Structure formats: structure tokens, C-alpha cells
Amino acid sequence: MTTPVSTPTLIAPSPAAQGSDGPRTYEVRTFGCQMNVHDSERLSGSLESAGYVRAEAGSEADVVVINTCAVRDNAAGKLYGTLGHLKSRKDAHAGMQIAVGGCLAQMDKDAVQQKAPWVDVVFGTHNMGSLPGMLERARHNGEAELEILESLEIFPSTLPTKRDSVHSGWVSISVGCNNTCTFCIVPSLRGKEKDRRPGDILNEIRLLVDDGAIEVTLLGQNVNSYGVEFGDRLAFGKLLRAAGEIEGLERIRFTSPHPAAFTDDVIAAMAETPAVMPQLHMPLQSGSDRILKAMRRSYRSEKFLGILDRVRERIPHAAITTDIIVGFPGETEEDFQETLRVVEAARFSSAFTFQYSIREGTPAATMADQVPKAVVQERYERLIALQDRISAEENQKQLGRTLEVLVSTGEGKKDAETHRLTGRAEDNRLVHFELPAGSPVPRPGDVVSVTVTHAAPFHLLADAPDGAPLRIRRTRAGDAWDRSQAESCGVPTPAGESGAPRAVSLGLPTLRVGV
């Protein structure tokens, strides 16, 4: 079994990144999960290392990269609809290139170029770092480039990164999945689980903190199975504790664990490590034991609810979220009622709910008793109504509580008209808070203390009836935001300031390798 390369991957400047009037611009469009979002940061970093520059919002980029998802059946429709729209842009934009990567590209391979021959580059999940070179070859040769590797050769985290957030960062601890869920295409697209060395992970976290981040989210298809490759079943809990000792790191999150492998040592690590936030995303998928068996989910509803009980015993204010699939093949009304029963008992703060969709290449795609669309839709609407009620009730319990909110950017769509700002509480609830007249303005990355005055199913409000100024804790992340804004406006950053954000981080640091 080969081990992917874990040393930093350097991307050389590319002649194809230069146009007749300066650097060529790029845009990365992301479809899918947090793993795809993190991958897109690596794609952006690789392109910028090669000499491309990000296109201004609203402008037409010279290179458009689509990072695809293959989990839902509408993924292909979304991709080809987008490609159809881009064709007219490309016809009118001399030299424009289109690249398609990610899970759907890995799965469909030649199909992308057959259905959309105007695409210049197709690459898979295992060779994201090849993108700049493939764009260069496609431009030089005047023909499309296709490169799909069947196994991972380098960890994506070794690639240069262009982070979307100064105060928060994603950190992959593993790639791939060893489970065989019958509805899931991910293992065949991302391969078997490959675990990164703990020292590499902790070094990357330190690098993020040095850049000004105070929050990280650990990523993996099944984060709590981390360590299986090197034979340590307690490795994930140890990793949480070690990360919690990193100076300057205030918030640690992770997604997603698997109930079958979720052990009490992880709960203990969460409860005993102050930096680990009181939040847990625990995928249920179904409340029916019969359907869980058909899904090859190696736990049952009683075990699932027992995990939640033990988490809440140690972390009383934990907000627990989940994933649920409605209409899996063979699901009866009795099975669905079991899902409703478990959802009622679990008291999730929110849930990502999905109508089952066939994914070619999965065992579930050929199962008998596919549930009619109309039945799935009706059950889905009942589930949504139940979860919306529970979310509202759970949020009502937050009224009057004082929350520490990490100020963010772009999450509050109505902030401008309501004169509010937005951030995330420690339990990851979305909080919109009032900016009283005359109050100092917090920066993205600063932390504010606010009291909840109103609760809705999907957010909390924290207004200040007495008009008192906001209670603001200025942070290193806020300082990094100031520096990033100065740099983007061409204002030099004072020399010698520690923690100044790097425009592009060149993969893992080469120091501290013995950690």
C-alpha cells in the first residue's frame, strides 16, 4: 500500500498565467461539502502560485474552474447546466479556459468532454495539484487535457492554499473512507482512508494560527476513525487534546464523525479540552434499524441516541446537528415513523435533510422497492416540519443567554438593511447582533459578548434595547483582518509584525517535523 507524499508541494510559475495585458484571472466555483470547499482553497492557492490572480466579483474570468460534487443525482444536471451557460461566455471571450475537477469528474471521466467538448481541462480528486500544468498544456497544444488518477499520490494539504477566511481555517486529517454505505459514492471516488501524520496536522494548525486564525475545523470523511491506518484507535481523541494545547487557537471543530466508531474517549477529549467547541455533527441517516442495516450503517438507533445522551451528560449545552436521508429503497411508512421518533428524541438543533437519489455505481441504485417520488416528497415535508419545530424550540432555550460570538463576513444577507452584524456562537449557532449607534465596530475575527433577545428556527437575534455599546474583545484574528485589508488596498504591512496573513500558504511547514 503506497503512502501519499506529505512534503510541501511547490507550484512553479506558469507561462500560461500571463496574458498580453498582465496576469490572467481565475474563478473557482464550488459544488458540494466542506471537503470540496477546502479543496477549492487548494485549487486557488495552486493557481495563484502559478501566477494567476483572482477575478474581481462580477467580472469575467479568463479561467473558470468548477469543483464538482457527485453525492446527489442533480449534481450532473447542475454541472452541465453551468457548462452550457459558460459556453456562450467562452465563445465571446478569446482565450478563456474552463476546467472541471472533483468527484463528478473522477466518476464520469470521459463523459464530461463528450457532453461538453468546449471544456479544456478535466482532473480528478487525486491530482488537484496538476491543474496549472494541465491549463498550460491545453493552451499550448490547443486541445483538451484529461488526467484522472486512480489513487492519491500527494495529500491535498501539501498544496498551496488561498484561504477564504482570515480567522478560520479547514484542516484535513485524512482523505478517503473505509466504509461501504450502500447509498454513498464517495469511497469509490476518494479511495480508502489515508491518515496524515499527527505532527503534519499540528504543524498545519500552527501555520494557520501564525497567519491569524483562531478557529480550525478538522475534516475527514469519518474523522473519528482517524488512526486506523497506523493502528491507534484512540488517535482522534489524542489529536483533539494536542490541538487544544496550541497557543492562540481558541476554537476547534470537526466534521463528520461516524456513530459506529464514536467512542467515549472522544467525548472525554471534547469535554476536557476548552478549545473544542460544544458542537457535534452526528449523521443519523435513518431512525429505522431495518433501513440502517440496508444502508450498511453499522449502528442502530438505540446506540445513536445513547451517544447523544453521553455527549450531553458531559457537555450540557452542546448543539447537535445531523444528516437524514428520506426515501431510501424499501423504506415503509413504519420505517419513516421510526425516523420521526428518533428525531423527536434526539432534539437536533438543525438537520441537513435529503431526499434519496440514485447514484450509479452504488449498491442502493439497483435495489428493489425504490420509493415513488411523490411518497418521498410527502415524507420529506413532514420531516422538515418536525425538525423546524424542534429547531425553533431548541433556539427558544437560548433566550436571555449571553453568547460569545466570533464575528464573520458575508453570512448575514440582510445585515445592511437591519443594521446588524453576524457571527457564530461557540456551539456554531448563527447569531445576528445589533450594532448600536455610536458603538465601536468589531472586525471579522473579533469576539463580541451579546445577549439573545429573539429566536427563530435558523438563527438567533441579539439586539441591544438599551442602546449600550457592544462588548468587543479584539483578537489576533481581527488584527490579521486589518492587515489583509491593508494589503488588498496596496498599503504596506509594517515589517516584523508577527501573524501577518500570507496571501498564499505554500503547503505544510518544513520545521517542527518531530512534533
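**Salt bridges and a helix contact in a predicted model**

With a relative accessibility of 11%, Glu394 counts as buried, because buried residues are those under 20%. The structure described here is a predicted model, and Glu394 makes a handy starting point for a walk through it. Its partner in a salt bridge is Arg347, with 3.0 Å between the closest N and O atoms. This pair connects distant parts of the chain, since Glu394 belongs to helix α13 (residues 373-396) while Arg347 sits in the loop between α12 and β16 (350-355), 47 residues apart. Unlike buried Glu394, Arg347 is partly exposed, its relative accessible area being 21%. Nor does the pair stand by itself: through shared partners, salt bridges join Glu344, Arg347, Arg389, Glu393, Glu394 and Lys397 into one network.

How many salt bridges does the structure hold? The count is 32. One of them pairs the side chains of Arg253 and Glu215, at 3.0 Å from N to O. Arg253 is part of strand β13 (residues 251-255) and Glu215 part of strand β12 (residues 215-219), so this salt bridge ties together parts that lie 38 residues apart in sequence. Both Arg253 and Glu215 are buried.

A salt bridge within a single helix can be seen between Arg341 and Glu338, whose closest N and O atoms are 3.1 Å apart. The two residues are 3 residues apart in helix α12 (residues 333-346), which means that about one helical turn separates them. Arg341 is partly exposed at 38% relative accessibility, and Glu338 is also partly exposed, at 28%.

Helices also meet each other. Two packed helices are described by the angle between their axes and by the distance between the axes. For helix α1 (residues 34-50) and helix α5 (residues 131-141), the axes come within 9 Å and cross at roughly 55°. The helices α1 and α5 are therefore oblique to each other. Which residues meet here? From α1 come Leu43, Ser46, Leu47 and Ala50, and from α5 come Leu131, Pro132 and Leu135. Sorted by type, the residues of this contact comprise 6 nonpolar, 1 polar and no charged.

Stepping back to the whole chain, the secondary structure amounts to 15 helices and 23 strands. The chain has 515 residues, of which 54% count as buried. Of the contacts between residues at least 6 apart in sequence, 76% join residues at least 24 apart. About 22200 Å² of the chain is exposed, and carbon and sulfur atoms contribute 53% of that area.

Definitions and conventions
Residues are numbered from 1 along each chain as its sequence is written. This is a predicted model: local features need pLDDT of at least 70, side-chain atom pairs count only at pLDDT 80 or more; totals for chains, interfaces and linings use all residues. Side-chain values use heavy atoms; hydrogens and water are left out. Helices (H or I, at least four residues) and strands (E, at least two) are DSSP runs, numbered from the N terminus. Buried means under 20% relative accessible area, exposed over 50%, partly exposed in between (1.4 Å probe, protein chains only). Contact means heavy atoms within 4.5 Å. Accessible areas come from the Shrake-Rupley method with a 1.4 Å probe; for residues, only the protein chains shown count as cover. Axes are lines fitted to C-alpha atoms, for helices over the stretch in contact, and angles run from 0 to 180 degrees between N-to-C directions. Angles under 35 degrees count as roughly parallel, over 145 as roughly antiparallel, 65 to 115 as roughly perpendicular and the rest as oblique. Ala, Val, Leu, Ile, Met, Phe, Trp, Tyr, Cys and Pro count as nonpolar, Asp, Glu, Lys and Arg as charged, and the others, Gly among them, as polar. A salt bridge is a side-chain nitrogen of Lys or Arg within 4 Å of a carboxyl oxygen of Asp or Glu.
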